[in-house]
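Work through the following exercises with the structure in view, and try each task before reading its solution.

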Amino acid sequence: MTPLRDPFAEGRRYCLPVTSWPGTAYPLGATYDGTGTNFAVFSEIAGLIELCLFDRQGAEQRIPMEDVDAFVHHVYLPGVNPGQRYGYRVHGPYAPSRGQRCNPAKLLIDPYAKALDGNLTWGQQLFSYPLNSADDGRDTAQRSDTDVPDRSDSAAHTLKSVVINPFFDWGLDRAPRTPYHRTLIYEAHVRGLTKTHPGVPEELRGTYAGIAHPTVIEHLVSLGVTALELMPVHQFVLDLTLAQRNMTNYWGYNTIGFFAPHQAYSASGGGNHQVQEFKGMVRALHAAGIEVILDVVYNHTAEGNHLGPTLCFRGLDNPAYYRLDNRNLARYVDYTGTGNSLNVRHPHSLQLIMDSLRYWVLDMHVDGFRFDLASALARELHDVDRLSAFFDLVQQDPVVSQVKLIAEPWDVGEGGYQVGNFPPQWTEWNGKYRDTVRDFWRGEKAALPEFAARITGSSDLYKHNGRRPVASINFVTAHDGFTLNDLVSYNRKHNEANGEGNRDGEGHNRSWNHGVEGPTDDPEIVEIRARQRRNMIATLLLSQGVPMLAHGDELGRTQHGNNNAYCQDNELSWMDWASADDDLNAFVATASRLRRAHPTFRRRRFFRASPVRDVGDPVPDISWLTSAGIEMTHGDWDSSYHRAFAVFFSGDGINERDDRGAPITDVSFLLCFNAHDSALDFRMPPVEYADAWDVVLDTALSRQPSSPEIVVGAGGSVPVIGRSLVVLRATD
């Protein structure tokens, strides 16, 4: 068949014609079946879509997709094998004022591409409006709305979609399916985690294969990590504004391919190789009992606002994929701060998201998702709606509903802060936990009642709709903000390296430098900073809920006060394995073992604050005690200066059964918190609680003893130095 002649592409070299069959409208994307490949793509407004094949020299062959069913254009090409690069050209209306932006001069990425190859070369060719014009002087925003499209060809300047080989030897791979109450999440960046790791071969550092290396997996296992949460690995692109500043999009929250693993994280090269390498990483982590959770960005795409490039969705069917402003269809609704919001009200946008999620579970074997700015996905009209179509689809989906679903429960739109308001099936990043733990340990007034609610599972946020403590993903630090080391070393952000005049990043960090901004040799400050790091780690790992560690915090990683290192792909953001704090790393492992060994710290139900056994038993499942060992009064809770207390967790009051139906019991624990500057003696509660107690964890010590060395009887006392936490275990 003779390819169509494009009036926008004079002088183009064409390959020889290929045989084409009608193909099928399902599944969407490029599907290789062993003898050929079926191509299917949705566009309701397209008059004609051309499938464009590219050889190794970049020569292009165009095949019209003449068969259309329910607005899905499709064609089957026998003999087209994995590794074939391709894209689409869409012939249709270009009228930005009506929300239509088809332009066949712009080669488009397949929204369902399983792999992408190449790089963006920023320039006029990627834009459908003239960036520079000798017209009547209208500004760029006005020029972007003209109904005359730019005719420069983008094929040589954009990413190419790639046909992949779907076959992979998974061997005996099985999903760990770790229940939430046994889960410890470790948030990490694929590149930053291994880029400087001395035990990983240099050619594998910063890649999926690097994470699969035994030395990295051994480190995760030693910490008790059960789930690795990876920052975005969907194919993303470099923003033009960063490219102009010679910087990079390090974090990757700029997705353009929701099915494709980011090619730059592959040690094997581009094309089909990154898919195989990613699967190999998942298989290796599963073999160690570690789940893989992906940080996914379905709320927006890399095409930005009306001034952005035409890379994929905009040129295929702009009003179907994006939320357009009803008052001006040339503009986009933006709940994300990135220029656009995906149109989750449209069935094909919803299908794209659900198909992507199922693909990563069924084909790539991942175990869950953390949804960036998840509130944006719940906006039906303008308000966040718990009963939105997206949540309905997730609820009834037999695949997606069975994996871990974690919401970042906010966006930048009005009413977007939705902590505690997601459906029962979901867990949430608990921002209130982060803020409260930081405030308590830096000695803020009136933090005690809030702190008590957070360390016991945040029942005030989650109990009202039938959820349990595991609905709370507890964290003190994450990729966004200070590292744990910087949280106790800086009062102010220091983001000058980002080139934005230190205006970017959060200004209110609830941090404390303890007297000196940044590094210091003062031994007293060095010591209290180390103690505060241990305080927050111990609090995190011994709270009810699901703990999440930020990568490198266990090693004392610093970003030198930069709390928004989104554009820093260098030593500032990478984990510095050579400077690891071995004592802190050992402390994290010790606290993690304590949690793992004792169901007292990982309950599946909220505390009842009622007697454990029959009426008349004086010991409840939880008690709040003063440092004098007596129950706290309303006056103690209401005091704005009360910064020390003890909490008793009864091992007999778990009120749960194991997998075989047997009651779960454990030893009891007493946690003594002292956020005062000075030391306090904590008196043990009466003998009804326990005959005696031994100290199993003390954040005042840089190294924990291998076995308890302090035993104190009922009514005795234990010294707790200023700003420290002592954990005692009931014993006979």
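**Exercise 1.** Find what joins the side chains of Asp 150 and Lys 106 in this predicted model, and decide whether each of the two residues is buried or exposed.

*Solution.* Begin with the atoms: the side chains of Asp 150 and Lys 106 meet in a salt bridge, with a distance of 2.8 Å from N to O. Next, place the partners along the chain, where Asp 150 lies in the loop between α1 (140-143) and β11 (160-162), while Lys 106 lies in the loop between β9 (100-101) and β10 (116-117). The two are 44 residues apart, and the pair thus links distant parts of the chain. Finally, compare the accessibilities with the cut-off, which calls a residue buried under 20% relative accessible area: Asp 150 has 14% and is buried, and Lys 106, at 0%, counts as buried too.

**Exercise 2.** Describe the salt bridge of Asp 581 with Arg 533, and say where in the chain its partners lie.

*Solution.* The closest N and O atoms of Asp 581 and Arg 533 are 3.7 Å apart. Asp 581 belongs to the loop between β23 (546-550) and α15, whereas Arg 533 sits in helix α14, 48 residues apart from its partner. As for accessibility, Asp 581 is partly exposed, with a relative accessible area of 25%, but Arg 533 counts as buried at 9%.

**Exercise 3.** Determine how helix α14 and helix α15 are arranged, starting from the angle at which their axes cross.

*Solution.* The axes of α14 (residues 523-542) and α15 (residues 582-597) come within 9 Å and cross at roughly 20°. Because angles under 35 degrees count as roughly parallel, α14 is roughly parallel to α15. The crossing of these two helices is right-handed. Among the residues that make the contact are Arg 533, Ile 537 and Leu 541 of α14, together with Phe 587, Val 588 and Arg 595 of α15. Sorted by character, the residues of this contact divide into 10 nonpolar, one polar and three charged.

**Exercise 4.** Describe the packing of helix α8 and helix α9, and state which kinds of residue make up their contact.

*Solution.* Helix α8 (residues 347-362) packs with helix α9 (residues 389-396) at an angle of about 35°, and their axes are 11 Å apart. The crossing in which α8 passes α9 is right-handed. From α8 the contact takes Leu 350, Ile 353 and Met 354, and from α9 it takes Ala 389, Phe 390, Leu 393 and Val 394. These residues divide into seven nonpolar, no polar and no charged.

Terms used
Residues are numbered from 1 along each chain as its sequence is written. This is a predicted model: local features need pLDDT of at least 70, side-chain atom pairs count only at pLDDT 80 or more; totals for chains, interfaces and linings use all residues. Side-chain values use heavy atoms; hydrogens and water are left out. Axes are lines fitted to C-alpha atoms, for helices over the stretch in contact, and angles run from 0 to 180 degrees between N-to-C directions. Helices (H or I, at least four residues) and strands (E, at least two) are DSSP runs, numbered from the N terminus. Angles under 35 degrees count as roughly parallel, over 145 as roughly antiparallel, 65 to 115 as roughly perpendicular and the rest as oblique. A crossing is left-handed if the near helix is turned anticlockwise from the far one by less than a right angle, and right-handed if clockwise. Contact means heavy atoms within 4.5 Å. Ala, Val, Leu, Ile, Met, Phe, Trp, Tyr, Cys and Pro count as nonpolar, Asp, Glu, Lys and Arg as charged, and the others, Gly among them, as polar. A salt bridge is a side-chain nitrogen of Lys or Arg within 4 Å of a carboxyl oxygen of Asp or Glu. Buried means under 20% relative accessible area, exposed over 50%, partly exposed in between (1.4 Å probe, protein chains only).
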